[in-house]
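Reader: Could you take me on a close look at one part of this model, its surface, and then at the side-chain pairs beneath it? I'd enjoy one connected account.

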Amino acid sequence: QNGRVTDGLLIDNADQLDQLCIDTIRTLSMDAVQKANSGHPGTPMALAPVAYLLYARVMRHNPRDPQWPDRDRFVLSCGHASMLLYSTLYLAGYDISLEEDIKRFRQLGSKAAGHPEYGHCPGVEVTTGPLGQGICNAVGMALAERMLAARFNRPGHEVVDHRTYAIVSDGDLEEGISGEASSLAGHLGLGRLIAFYDNNHISIEGDTALAFTEDRAARYEAYGWHVQNLGEDIALDRLEDAVRSAAEVQDRPSLIVIRTHIAQGSPHKQDTAGAHGSPLGEEEIKLTKEAMGWPSQQPFYVPDEALKHFRACIERGAEQQSEWQERFDAYADEHPELADELSRLFRRELPDGWDAEVPRFHASG
């Protein structure tokens, strides 16, 4: 009576719209990997709620201006799950095309490369290929934010105040370099860094217990991180509560541990290594969509209501950026030299005359 029918589905509350968006991320990921006959469908299906939460509810970002300087940063450290990011960016309204990019996943010329590549796809903050690299970059971004804030913020003028979010996998935490960077993050108290650890128990070889049995949560507590273990409770409200709790901890980076199920909803591939690095198969995709109650078997089907609901973040992001610009303008009025220097850094330009007196060295000396 109070609902509306969209694409054959009765939508009568916000929770159903949220679920519609999450399932759209899942189906796009399945279909793109299947069409490319290459990729990792299982992890995007498992992590769709986290990606939706961050882009639709939590992060300060503007899809129409991906380079807004004070945007929140997101790093997909498990870059092999790239369809999670591409599907989310498309649905959120970034400049990535369903026809030219998503449907041509892993093909020459598509912005949707096998792993996220910085500079080739709007919204991708860093290239993430080798495991462990992404979380290290996220630590660097969080450190850079605090260094800029210390250098340029002034009382009453917090013009650098964004956060860095990351999703990390078992493979990331197995790499030694991630431990070194995470130790540094804890030592420096980088409280604006919030990472989700996807504890899905699966690698290409099988269960991660084959090679990885330490208590990862305890290790990060020893590094000095604030750790929350949600187990399998990854309902949107529970995830959002965990993010809010993490944001309240100003003096420590945060790790949110979640037990997900790779290829969630797939009747025969859930929790199997076969969903890690291979397509599900057309028959399994058909069965998965049926189990989800998906309204169409057409590949790359995107319900209009999902797109409309997700892209509300465009208007919200524009408002957030406008509010920040007002703060920055006030800052520039009171501290013009600092504002000019910070703007130059945002533009990645060297100061005038930097090369006027470059030293020269000769073999005779």
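Reader: To begin, how much accessible surface does the chain have, and what percentage of it belongs to carbon and sulfur atoms?

Author: Happy to, with the reminder that this is a predicted model. The accessible surface of the chain comes to about 16,500 Å², and carbon and sulfur atoms account for 48% of that area.

On that surface, one place to look is a nonpolar patch made of L350, W354 and V358. Together these three residues offer about 330 Å² of accessible area. V358 sits in the segment after α12, the helix of residues 336-346. V358 has a relative accessibility of 40%, so it counts as partly exposed.

It helps to set the patch against the whole chain. There are 12 helices and nine strands. The radius of gyration is 22 Å, close to the 21 Å that the globule rule gives for 365 residues, so the chain is as compact as a globular protein of that length. Along the principal axes, the C-alpha atoms fill a box of roughly 70 × 50 × 45 Å. Buried residues make up 54% of the 365 residues. Of the contacts with a separation of 6 or more, 75% are between residues 24 or more positions apart.

Now to what lies beneath, beginning with charge. Side chains of opposite charge can pair when their charged atoms come close. In this model, the count comes to 21 salt bridges. One of them joins R60 and D70, with the closest N and O atoms 3.6 Å apart. R60 and D70 are both in the loop between α2 (42-58) and β3 (73-76), 10 residues apart. R60 is buried, and D70 is buried as well.

R71 belongs to that loop between α2 and β3 too, while its partner E125 lies in the loop between α3 (82-92) and α4 (133-152). R71 and E125 are 54 residues apart, and the pair links distant parts of the chain. The closest N and O atoms of this salt bridge are 2.8 Å apart, and both R71 and E125 are buried.

A further salt bridge joins R146 and E145, and here the closest N and O atoms are 2.6 Å apart. The two partners differ in cover. R146 counts as partly exposed because its relative accessibility is 32%, whereas E145, at 2%, counts as buried. Elsewhere, salt bridges link D18, R57, D237, E240 and R244 in a network.

The aromatic side chains give you another set of pairs to follow, and the count comes to 10. Take F328 and Y331: their ring centres are 5.8 Å apart and their planes are at 50°, so the pair is tilted. F328 and Y331 are three residues apart in helix α11 (residues 312-334), so about one helical turn separates them. With a relative accessible area of 9%, F328 is buried, and Y331 counts as buried at 0% relative accessibility. W68 and W324 join F328 and Y331 in one aromatic cluster.

For your tour on screen, you might start at V358, which is partly exposed, and its patch partners L350 and W354. From there, go on to the buried pair R71 and E125, and finish at F328 and Y331 in helix α11.

Definitions and conventions. Residues are numbered from 1 along each chain as its sequence is written. This is a predicted model: local features need pLDDT of at least 70, side-chain atom pairs count only at pLDDT 80 or more; totals for chains, interfaces and linings use all residues. Side-chain values use heavy atoms; hydrogens and water are left out. Patches are made of residues with over 30% relative accessible area and no salt bridge: like charges are joined within 9 Å, nonpolar side chains (Val, Leu, Ile, Met, Phe, Trp, Tyr) within 5 Å. Accessible areas come from the Shrake-Rupley method with a 1.4 Å probe; for residues, only the protein chains shown count as cover. A salt bridge is a side-chain nitrogen of Lys or Arg within 4 Å of a carboxyl oxygen of Asp or Glu. Helices (H or I, at least four residues) and strands (E, at least two) are DSSP runs, numbered from the N terminus. Buried means under 20% relative accessible area, exposed over 50%, partly exposed in between (1.4 Å probe, protein chains only). The radius of gyration is taken over C-alpha atoms; the globule rule is 2.2 Å times the number of residues to the power 0.38. Contact means heavy atoms within 4.5 Å. Rings of Phe, Tyr and Trp (its six-membered ring) pair if their centres lie within 6.5 Å; planes under 30 degrees apart count as stacked, over 60 as edge-to-face and the rest as tilted.
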